[in-house]
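Biologist: Could you walk me through this model, one question at a time? I would like to follow the reasoning behind each answer.

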Amino acid sequence: MTEQTPLKLFNSLTRQMETFTPVHPGEARVYSCGPTVYNYPHIGNMRAYVFADILGRTLSFKGLKLTHVINITDVGHLTDDADAGEDKMEKMAAKEARSIWDIAEHYKQAYWADVRALNIRQPAQWTIATDYVPQMIEFAKKIAPAHCYELESGLYFDVSTVADYGRLARANTEEGEGRIEKVDGKRNAADFAIWRKTPQGEKRQMEWDSPWGRGAPGWHLECSVMSGEVLGFPFDIHTGGIDHREIHHPNEIAQNQAACGCGSLDVAAHSGAQFWMHNNFLVERSGKMSKSSGEFLRLQLLIDRGYHPLAYRLMCLQAHYRSELEFSWEGLGAALVRLKRLLMATAQVKAQCADAGYAAIGGWGQKIAPLMERFEAAISDDLNTAVALTLLEEVASMKKVPATEKLGAITAMDNVLGLNLLGLERTDLRLRPKAAAITEDEIEAVLVQRKEARAEKDFARSDALRDELAARGVEAMDGDSLGWEWKLA
């Protein structure tokens, strides 16, 4: 990292912007709460991983060796994302009449497909919860004597045994407690399950023997164990969606304090991580963000409607990760046009380099250097991607600058923003909607006739051909500066 542009990040634990200094000089260790693989992720879920990817890319841009871990929860996550209800994995397995292991594998692969489609870099390690159950049992055995008590339903963590429980959630702790399971015998309303016993007379598909009976680990236990096992306490940054800030992450922190024998959270490292970072919600007004709505908004639905997934990534970058982002089809369409413009500008620069016979990308000179400095300042200011994106566009549109310099700067910026500008062709963005009943060859044939009619000033025929296309779901884009000429509506 350069001294001129220190990386400043918002720490949810302190509610302050803080300068990032790695725990281990020269490297950054990051843990991100991953999905529970009981269903397809919706696009709001995927915003969390775009954010975590931008964070990781920024740390790499700053010259740090990145170790990024994302977990896959395939056991022990409850129906309301808090601490109550049936296990989501068991519930979906029963609903689909499939093995819980098959459910986990299917939805894990679906999530990984979305990760690839959004050009999210692979983490250093995916940690799968069921691979760490023995370590979870050992972790629970270590903290149980001083911090836990046993009830008929399982082993519970007593939140009064650690300092500053719930500090991360702040004033929302009481609201969060309203979503926590009410269990007879709990000492405190916020106490949570470390280990859940299988009820008498029942059998789960995923269950293990433990000192507290046969059963399965609690969701909160999993992340403490996997992050500590792979990254060691304290590590640098823990990320997740803002919904985790109210219950899941405070419970993780309590477990970490217990395992490390740590005291007050006035010292951030006592929480297990120096920084806790959370992205805000994606808001969709029709209610189709909820998975209970049937055809909820997942990435494949966007693709089926003809929108390239990287248009959604760009849409995420247009807002700060800590701000709510409202989803609309109009907004997604505008993001796609913006991506097309960037891709065409990059293609032009690449062509100029090829025409001149340049074999390598160059550095940049005095004209581009100030923009690169502003780019670094923006991304160093708590990942201000909205400003960084405008600076990328400014570089792409610069005149009288050597093509190799422009391409070098675009490459450096895109390595952070992850839009894959050098790997895509503009035709890659023209996706065929699933419901479209007309072929591209048919569209092009009608467009040729329209061009002929317009050249002959036969505007009546031209309009009739345009209407014919519209009736078949195609919008002819006369005068389109992007040169696309049509799009499927």
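Biologist: Happy to start with a helix. In H11, which residues are buried?

Modeller: Keep in mind that this is a predicted model. A residue is called buried when its relative accessible area is under 20%. In H11, the residues that count as buried are Leu371, Met372, Phe375, Glu376, Ala378, Ile379 and Ser380.

Biologist: What covers the buried residues of H11?

Modeller: Good follow-up, and here a contact is heavy atoms within 4.5 Å. The cover includes two helices that come later in the numbering of residues, H12 (385-396) and H13 (403-417). It also includes helix H1 (43-61) and strand E1 (8-11).

Biologist: What span should H11 have, and how far apart are its end C-alpha atoms?

Modeller: H11 covers residues 369-380, which makes 12 residues. The expected span is 1.5 Å times one less than the number of residues, so H11 should span 16 Å. The computed distance between its end C-alpha atoms agrees with this, at 16 Å.

Biologist: What follows H11, and is that residue buried or exposed?

Modeller: H11 is followed by Asp382, which is found in the loop between H11 and H12. Asp382 is not a glycine, yet its phi is positive, at about 55 degrees. Its relative accessible area is 1%, so Asp382 is buried.

Biologist: Asp164 has a positive phi as well. Where is Asp164, and is it buried, partly exposed or exposed?

Modeller: The phi of Asp164 is near 65 degrees, in a residue other than glycine. Asp164 sits in the loop between E7 and helix H5 (173-177). With a relative accessible area of 28%, Asp164 falls between the 20% and 50% cut-offs, so Asp164 is partly exposed.

Biologist: Let's turn to the sheets. In what order do the strands of the four-stranded open sheet run, and which are its edge strands?

Modeller: The order is E6-E7-E8-E9, with antiparallel pairing. From one strand to the next, the twist averages 25 degrees. Two strands pair on one side only, and these edge strands are E6 (148-151) and E9 (215-217).

Biologist: How many bridges join E6 to E7, and what is the bridge partner of Leu151?

Modeller: E6 and strand E7 (residues 154-157) run antiparallel, and four bridges join them. For Leu151, the bridge partner in E7 is Gly154.

Biologist: Which helix lies across this sheet, and at what angle to E7?

Modeller: The helix lies across E6, E7, strand E8 (192-197) and E9, and its residues are 133-147. The helix is H4, and its angle to E7 is about 60 degrees.

Biologist: How are H4 and H7 arranged relative to each other?

Modeller: Two packed helices are described by the angle and the distance between their axes. The axes of H4 and helix H7 (residues 248-260) come within 9 Å and cross at roughly 85 degrees. Phe139, Lys142, Ile143 and His147 of H4 make the contact with Gln255, Ala258 and Ala259 of H7. An angle of 65 to 115 degrees counts as roughly perpendicular, so H4 and H7 are roughly perpendicular to each other.

Biologist: Now the five-stranded open sheet: what is its strand order, and which strands form its edges?

Modeller: The pairing is parallel, in the order E5-E4-E3-E10-E11. Direction ignored, neighbouring strands are turned by 20 degrees against each other on average. The strands that pair on one side only are E5 (125-128) and E11 (273-279).

Biologist: How many bridges link E3 and E4, and which residue is the partner of Arg29?

Modeller: Strand E3 (residues 27-32) and strand E4 (residues 65-72) pair in the parallel sense over six bridges. In E4, the partner of Arg29 is Thr67.

Biologist: What angle does H1 make with E11, and what angle does H6 make with E3?

Modeller: H1 packs on the sheet and touches E3, E4, strand E10 (235-241) and E11, with its direction at about 135 degrees to that of E11. Helix H6 (residues 219-231) also packs there, touching E3, E4, E5 and E10. The direction of H6 makes an angle with that of E3 of about 160 degrees.

Biologist: Which peptide bond is cis in the loop between H6 and E10?

Modeller: That loop holds Pro234. With omega near -10 degrees, the cis bond is the one from Phe233 to Pro234.

Biologist: Last one: how many disulfides are there?

Modeller: A disulfide needs two cysteine sulfur atoms within 2.5 Å. For Cys316, which is buried at 5% relative accessibility, the nearest cysteine sulfur is that of Cys33, 18 Å away. The count of disulfides is zero.

Note on methods. Residues are numbered from 1 along each chain as its sequence is written. This is a predicted model: local features need pLDDT of at least 70, side-chain atom pairs count only at pLDDT 80 or more; totals for chains, interfaces and linings use all residues. Side-chain values use heavy atoms; hydrogens and water are left out. Buried means under 20% relative accessible area, exposed over 50%, partly exposed in between (1.4 Å probe, protein chains only). Two strands pair if DSSP finds at least two bridges between them. Axes are lines fitted to C-alpha atoms, for helices over the stretch in contact, and angles run from 0 to 180 degrees between N-to-C directions. Angles under 35 degrees count as roughly parallel, over 145 as roughly antiparallel, 65 to 115 as roughly perpendicular and the rest as oblique.
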